[in-house]
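Visitor: Hi! Could you walk me through this one?
Guide: Happy to. Here it is.

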Amino acid sequence: MLAKMMTRLANATQSRRSFMIGSAAVAGGLAVGFRSTEAASAATGGVTPFNAYVRIAPDNSVTVIAAHMDMGQGIYDAIATLVAEELDADWSQMKAIGGAGNPKLYGNAAWGGAIQGTGGSTGTTSSWERYRIAGAAARQMLVAAAAAEWRVPASEIRIAKGLISHASGRSAGFGELAAKADALSAPANVALKDPKDWVLIGNDKLRRLDSMAKSSGKMDYTIDVKLPGMLTAVPIHPPLFGATLTSFDASKAKALKGVVDVVQHPRGLAVVAVDMWSALKGREAVTAVWDDSKAEKRSSADLAREYRELALKPGLATARNDGNAEAAMAGAARTIEATFEFPYIAHAALEPLNAVVRRNADGTIEIWGGHQMPDIYQGTAAAIAGVPPSQVTMHVMKTGGSFGRRAVIDADVIVEAVAVAKAIDFRAPVKMQWTREDDMRAGRYRPAYVHRLKAGVDKDGRIVGWYNHIVGQSIVAGTPFAAGLVKNGVDMTSVEGANNLPFDMTSVEGANNLPYRFAAQKVDLTTTQTGVPVLWWRAVGSTHTAYAVEVFLDEVAALTGKDPYEYRMSLLDPASKHARVLKLAAEKAGWGSALPAGRFRGIALAESFETEVAQVVEIAMRPDGSFKVERVVCAVHCGVAVNPDNIRAQMEGGIGFGLGAVMKSQTTLDKGRVVETNFDSHEVLRFDEMPVVEVHIVPSTDAPTGVGEPGVPPIGPAVANAVFAATKRRLHVLPFARVENA
Amino acid sequence: MIELTINGAVHRLDIDPDMPLLWAIRDHVGLTGTKFGCGIAQCGACTVHIDGQPSRACSLPVSAVAGQAITTIEAASGPVAKAVQAAWTALDVPQCGYCQSGQVMATTALLEANRKPSDADIDAALSGNLCRCATYARIRTAVHTAAKALA
Ligand code: FES
Ligand code: FES
């Protein structure tokens, strides 16, 4: 759904472009990109429309320039696979780096192409055509160069595994012919391979390009950027959301060895020092007075109480209204109702937020970071630095996770890095490095929500009416995205008349697009306002909507005495992808077969970002009433499986990430103050809690859809449903560790 | 002056004796394979070996480890470390990779001490090493794979 909204936003500013393939000389190699009809003058920095996507060097290496940032989800490998497939390269010659600074070239095609961004599990979808065409164009140019060089017809040239050859016995590597290929004009059109000829797409044997670097400490992240003379800065943020700085005393800090300066910036203060330890010591020595008169001072329990009250009232907006759900439920044989509560949750990526800024002698600015939205950050940074955006180069680093955190619209850590560098007159490069506590305390959480669900069934157990009311904050309200994200055929007037907040589709995705055939259904939304900054968190709306829907549907099945799997199947179109993944997961898990004593199963289905995932879990109850998730069988439909092993890895990772969250992760407020500020209190899944995961990919010829997020939503409800099977208790308040569930 | 023996080389550093070993290694010795994740011995990203024992560099002041043999991921190159890295790449364990220096160091220490670890041994050795990408299942398989390769 996010993708659809972004597309709508993008379409408002730009119509679909036609591409012309182009090439340009790069130091003895071949470089291929597209020349967009609108991009001819858009080149900035080192990237031109011609060398945007693929570069072949004299040493035979093929480097793909990725339009999507890699936070661990493996998109660099997916893009390299697409290029290598059409180029007939050998996997061992492939490399991948991040590109940025030119939305005409790197704009997210799945969002309409207007801005570059990584999110909503769109990376592979966005890259699917663009990078295969780039690979095919480069191949065709190499073939033409070989034909000219060897004076043979192009049709007789073969390329396999990076070797160009002809029956006459002549052969050459890519590097040898790259410069000659580059002198040729690029083909106007290229044909893409027939899927039956693929050797790399779908190949289970491909290994990731960066596994060795990541297993040997050689992978450089933003935290590892070293520049001559670079200083390290740590932030001092307001103790409460919305508090502002009144005064501060940095005299003691500045007297400490290694502390260079203490500066004010739009988001608070920062201590600048020669190294991290000096910055941290300096920070302890700063005293600051904050004005908290406008700050958020409510506790999580206060918000939950308010949300629960709101959930009992009609929603302020309606996302979906099919049939007359209220009347149907009023006339139903039986009704059932449940209220669910979801906490704020920090992303808690393992690399705490950071960014590095340098101003060069010519006035240009460079920024190293995990840029999930580089165009936006480039503009923001340029405005602070007082230079045109074209003078700001964005270096896209791989990051130690993100889970959405680095797609923050207000560019928080980048703003701090640039503002601090500016405050010291850019006299040295600055690395702004947050600690774990800064990272967990500074906001941008998955919003807290309350859902109230109600269903009515007839005497045969069929659902005649379904109602879901979602109460919580909007992620896009107050951002430039609000304008593009709010109109989706929903009744805007009821929203505007009520509280003037935009209707945020990310709050209801996964609840208003259910595959289940209910006779009548209504989905309401009440958007709340708090001072707590929120953000997309791996799988966004479906992290809460899928939980509420799938647990509640299980309750309805139990009410009617039906098997939870059979009941879901009866509500699905048997030909749908949803039914296929559900059936596959159930079959592979042996749904319905006997289990050893103390073992119980649960099932859930969720579609997010157009990828369907079903999971069957098996839990083992311990004598003390606690349990361990032993096994998860996961079925996924994501179109063509570009890198099957990485699809499995993303399902495994999504399951572990989602499982830790539902079991124990939460960010709570005590009179506005964040309670969980490090991994001692913000608990996440640990090694011994990871289940065995078995992933089954539904074979498909559809264009690929994403896998970075869709593994997350089903795991929580599947486990909760297994707990019900074991204990007859329903887990309505998350995380499970909350005392309310005891 | 603090004298640290890191990967066999002696470094004489003019630093605060309270400075955690992690920041001395990263900011003063310039080895950045050892990562910062929490700073309070809760995540394992900073795992190094001190006299062969896996230790959290973020929570050890340099004054406490002066004179001891400190090994970082950059010097993880013996037969055990090689077997671990071979298993890690064969199974494509890393996702974002940020925790993996610590996972490899913790696993190497485990296999140096125990060539045939059980699942319970692996749980005990690795439960202090968080992986937010949840690569745990692959890590377990890779530990067994490395152990077999070393047998
Ligand atoms: S950084 Fe040392 S254990 Fe987390
Ligand atoms: S691979 Fe990302 S934290 Fe472990």
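Visitor: How many residues does each chain put into the contact?
Guide: Chain B gives 51 residues and chain A gives 56 residues, where contact means heavy atoms within 4.5 Å. A word on the source: this is a predicted model, in which local features need pLDDT of at least 70 and side-chain atom pairs count only at pLDDT 80 or more, while totals for chains, interfaces and linings use all residues. Residues are numbered from 1 along each chain as its sequence is written, chains are lettered from A and ligands numbered from 1 in the order in which they are written, and side-chain values use heavy atoms, with hydrogens and water left out.

Visitor: And how much area do chain B and chain A bury between them?
Guide: About 4500 Å², with 56% of it on carbon and sulfur atoms. Buried area is the accessible area (1.4 Å probe) that two parts lose on being put together, summed over both.

Visitor: How many salt bridges cross the interface?
Guide: The rule finds eight between chain B and chain A; a salt bridge is a side-chain nitrogen of Lys or Arg within 4 Å of a carboxyl oxygen of Asp or Glu. A:K257 pairs this way with B:D14, their closest N and O atoms being 3.6 Å apart.

Visitor: Which helix of chain B gives the most to the side that touches chain A?
Guide: That is α6(B), with five residues. Helices here are DSSP runs (H or I, at least four residues), as are strands (E, at least two), numbered from the N terminus.

Visitor: New topic: is A:N678 buried or exposed?
Guide: A:N678 counts as buried because its relative accessibility is 1%; buried means under 20% relative accessible area, exposed over 50%, partly exposed in between (1.4 Å probe, protein chains only). It lies in the loop between β27 (673–674) and β28 (692–697) of chain A.

Visitor: What does A:N678 touch?
Guide: Beyond neighbours within four places in sequence, A:N678 is in contact with A:R436, A:E437, A:M440, B:C38 and B:I40.

Visitor: Where is B:N7?
Guide: B:N7 sits in the loop between β1 (2–6) and β2 (9–13) of chain B. At 28% relative accessibility, B:N7 counts as partly exposed.

Visitor: Which residues does B:N7 contact?
Guide: Leaving aside neighbours within four places in sequence, the partners of B:N7 include B:L31, B:I70 and B:E74. The C-alpha atoms of B:N7 and B:A76 are separated by 8.9 Å, though these residues are 69 residues apart along the chain.
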